[in-house]
Structure formats: structure tokens, C-alpha cells
Amino acid sequence: MAIQHIEMPKLGESVTEGTIERWLVKPGDTVNKYDPIAEVNTDKVTAEIPSSFSGTIKELIVKEGETVEVGVVVCTIEAEGGNSEEPQPEAVPAKEEPANEMPAAGSQKPPSPVQRGKAAGRYSPAVMRLAQENDIDLSHVEGSGREGRITRKDILAIIESGNIPKAAAPQPEQQPTMTEERPAPQAAPQPIEFPTEAGDIEIPVSGVRRAIATNMLRSKHEAPHAWTMIEVDVTNLVQYRDSLKNEFKQREGFNLTYFAFFVKAVAQALKEFPMMNSMWAGDKIIQKKDINLSIAVATEEALYVPVIKSADEKTIKGIGREINELAGKVRSGKLTSAEMQGGTFTVNNTGSFGSVQSMGIINYPQAAILQVESIVKRPVIMENGMIAARDMVNLCLSLDHRVLDGLISGRFLARVKEILENISAENTSIY
């Protein structure tokens, strides 16, 4: 029997750490290869860790609720076959230590939390980026991760609290006189206590809800949001779709929704205005080649954002089928992490809840999100001066002002409006 390590997997392109939400096994349990052994949460997805071996669980190294970086060993397993061997320490980056860690003679000072964090593998790229962008002195931050590691959640909590530790300006060192006293160290800020009364219900924050909150906080903090709205006359679109929906349902087996038309129009406009399909990357802006549209799908507990890949290459029917399939997977709990990765622009169907105007939070690190509101009958003054009842919809765009300005965003929305207002049986095919 051989002792093997199972590590925290990389569950997304920019994922650097994960939280063990729940262990599905305990020491002594026998598992087969690919059996799920734990549920893990990241800021992008909730997924299961599969066993890489068949054998017996030996030790659960990371506790439930603990956050560790990608590549850190979370448990060991006594795999079937081979000779017994001890785990290799270099496979556990969270336990690596610098060579010279002995204090100077006579010094009893214990290592600081930051020293322990560095010993655990230095700061992650996400921690370094957030610290630099918010001018946070990491030497004054106490990490909550394994071995005192500073995690991204620690930095986001500091940003949210507003107590940003700054690096002190260098001062000439002075020796205290007999009458001087060194200032007492400031106490760490105490957590806010929220009063509760009889009848109040305390709802534990789930891993998915915590991940959503973290990503939304990061988006609002890092991306300067701007907002604009345009009104679109979709009377012809409504008439065209309504004339097709019954026959389409019988032939294809799923509903032809208005949302599929909107997603297709957005994909076409993004192809003509590629700057809208970009991301902020610190010292550069990355204009994405592929048009992968994220769509928001809500459940009773959380909001998921699956991705329609290469949406500009799909027909209205193809987009409608994919919307139907992805929504079904979300609600049945079968959506995979791969189906939530790679999005470049988000389209949110807020109109399904009856909303007529809303300001969406950008799906970080994308540069914009478009909210499609409810289609409602409104009296409209026509070009001939007559008043007519028309099917109108508001399109609300939130944008990252580091990447996009009003001019390009306005032209993009005008093009989406033009495409939608010209949809008809004569010039639009759903196939």
C-alpha cells in the first residue's frame, strides 16, 4: 500500500484558493478512484473533489471551513498497490519553511503572522494584487489561512471594514528616555455585533452565498461602475416570436423565448464593437477574441452564471437550446465548473422578474453587464404624430469605466437597439 496525496484542485482560470465546505468521507473509509470525497467552494464555483486513487482515507489534513491555496494537500489516502512510502514534504507547499528560521541568540520573539504566511509559500498573486491596488501594508495583516497564510478573503475583509493598514513613513530611530514610554499597541478592530431580538432568524451563510458576496464586493470595489439605459421598440420582435412559438415548441421540444433574440443581438453587436468584449488587467486591457456570453440563472438559494461559448456563431435556435439546457442543469444541480468559465460579457434577463429598470453589478473581471428588462405595452408617439400602443423594453448597461467610456458604450447600445427593432419575419431567421 502506498500513501498518496490529494491536493486542492484548480477549478478555474483565475482561481488561486478554495474552501473545504464539507468532507464526504472520514479516515478509514474506503473509496474508489473518481469517487467524490469533499465539496469545495471558490469565488467562481462549488464543486466536488474526486479521489485520484482507490484505497482507504488515511488523514483529513484541511478542516471544514478552512481556505487553502491551489496545490495544497487536503488529505492523504492509502492507495491500493505499491510499497508504503512516507508523504513527500515538498508536495505540501503550505508547510514549507525558509532555511534560516532560527532567531538570533537571546531573542525569544516568535515569528509574526506575515513571516508564517511567507513560510507557507509567500503571498498569492490575488493577495499581492489587491494589496497593491489598495495600498495595504501586508506586514500589518494577520492571516487566517493555514500556517498564518494571508488569503484574499482576509484582504477583502480589511477593504470592507475601511481599516486599511498603511506603511508608516520611515522615521529616525530614537531611544526612549527614562521618562518616556513606548505607545501601547493598538487593539485589533473588534467584529461588529448585530443585535438580535426574539423571533429573529439567523441564517448561516452558505459557501455559494459567501462566494457570490466576495465576488460582488470585489467587483464594486475594484471596478468604477458607470450606468446607462436605452429604450427599444420590440413590437415586431414580439409579433414574430409569437407567430412561431407554438410550431417551434412542437418541432424542437423547448420554448422559443424572447431572451434568445436579445442574446443573439448582443453577440452580433459585440462582434462589431469588440472593445465591449474586454477586461481590465492592471497595466493593460485584454480584448477577448471569443464572444462567450454569461447568462444569470437564479435558484432559491443562489445565482449561477453559466456561459454560452462562441455565441456569435450560433443561431437564435442554437442559443435558445443552450439557454434551456444550461438553466435546466443549474436547477437540477448538474452544472459543471467548466460550464461557468470563460465568460467575456454578461446578459441578465431581469425582465423575467417583472423589473423595468435595474443597475447590475459587473461580473468580474468582465467590463460590462447588460440587463434586459420586462417587455411592456406603452403609448408611443409615432413619426406621423399618432399615438400607438407599442411593445417597449429598457436595456440597462453597467460598465467598467476603466475600460469603457460613454461614446463606445452608447454606440454599442444603439447597435443592439437597431438589430432588435429590425427583427421581423421578412429579414430574420431563427435557424
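**Questions on a predicted model**

Colleague: Thr76 lies in strand E8, which covers residues 73-79. Is Thr76 buried or exposed?
Modeller: The model is a predicted one. The relative accessible area of Thr76 is 5%. The limit for a buried residue is under 20%, so Thr76 counts as buried.

Colleague: Leaving aside neighbours within four places in sequence, with which residues is Thr76 in contact?
Modeller: One set of partners of Thr76 is Ile3, Gln4 and His5. The others on the list for Thr76 are Ile57, Lys58, Glu59 and Ile61.

Colleague: Where is Val72 found, and how far is its C-alpha atom from that of Met8?
Modeller: Val72 sits in the loop between strand E7 (67-69) and E8, and at 1% relative accessibility Val72 is buried. Along the chain, Val72 and Met8 are 64 residues apart. Their C-alpha atoms are separated by 5.5 Å.

Colleague: Is Met8 buried or exposed?
Modeller: Met8 belongs to the loop between E1 and E2. Beyond its neighbours within four places in sequence, Met8 is in contact with residues including Gly18, Val40, Val68, Gly71, Val72 and Val74. For Gly18, which is 10 residues away in sequence, the C-alpha to C-alpha distance from Met8 is 7.0 Å. The relative accessibility of Met8 is 2%, so Met8 counts as buried.

Colleague: How far apart in space are Leu11 and Ser337, C-alpha to C-alpha?
Modeller: Leu11 is located in the loop between strand E1 (2-7) and strand E2 (17-23). With a relative accessible area of 11%, Leu11 is buried. In sequence, Leu11 and Ser337 are 326 residues apart. In space, C-alpha to C-alpha, they are 6.8 Å apart.

Colleague: Among contacts between residues at least 6 apart in sequence, what share joins residues at least 24 apart?
Modeller: The protein has eight helices and 19 strands. Of its 431 residues, 43% are buried. Among the contacts you ask about, the share joining residues at least 24 apart is 65%.

Colleague: At what angle do the axes of helix H6 and helix H7 cross?
Modeller: Helix H6 spans residues 258-272 and helix H7 spans residues 316-332. Their axes come within 9 Å of each other. The crossing is right-handed. The angle is roughly 115°.

Colleague: How do the residues of the contact of H6 with H7 divide into nonpolar, polar and charged?
Modeller: From H6, the contact uses Phe259, Ala260, Phe261, Val263 and Lys264. From H7, it uses Ile316, Ile319, Gly320 and Ile323. Gly is among the polar residues and Lys among the charged ones under the classes applied here. The division is therefore seven nonpolar, one polar and one charged.

Colleague: The side chain of Asn394 has a polar atom 2.8 Å from a backbone oxygen; which residue does that oxygen belong to?
Modeller: Asn394 is part of strand E19 (residues 387-400) and is buried, at a relative accessible area of 7%. Leaving aside neighbours within four places in sequence, its contacts include Met229, Ile230, Glu231, Gln371, Val372, Glu373 and Arg378. The backbone oxygen at 2.8 Å is that of Val356.

Colleague: How many disulfides does the structure hold?
Modeller: Cys75 is buried, with a relative accessible area of 0%. Cys396 is likewise buried, at 0% relative accessibility. A disulfide requires a pair of cysteine sulfur atoms within 2.5 Å. The number of disulfides in the structure is zero.

Colleague: Which residue does a cis peptide bond join to Tyr364?
Modeller: Most peptide bonds are trans. This bond has an omega of about 10° and is cis. The partner of Tyr364 sits in the loop between strand E16 (345-348) and strand E17 (368-372). That partner is Pro365.

Colleague: What is the phi of Tyr34?
Modeller: Most residues other than glycine have a negative phi. Tyr34 lies in the loop between strand E3 (30-31) and strand E4 (36-41), and is exposed at a relative accessible area of 62%. Its phi is positive, at about 80°.

Colleague: And what is the phi of Ser310?
Modeller: Ser310 is placed in the loop between strand E15 (307-308) and H7. With 21% relative accessibility, Ser310 is partly exposed. Ser310 is not a glycine, yet its phi is positive, at about 50°.

Note on methods. Residues numbered from 1 in each chain as written. Predicted model: local features only at pLDDT ≥ 70, side-chain atom pairs only at ≥ 80, totals over all residues. Heavy atoms only, no water. Axes fitted to C-alpha atoms, helices over the stretch in contact; angles between N-to-C directions. Helix = DSSP H or I, 4+ residues; strand = E, 2+ residues; numbered from the N terminus. Left-handed = near helix turned anticlockwise from the far one by under 90°. Contact = heavy atoms within 4.5 Å. Buried < 20%, exposed > 50% of the residue type's maximum accessible area, 1.4 Å probe, protein only. Polar contact = N/O pair within 3.5 Å; in protein donor to acceptor, adjacent residues only side chain to side chain.
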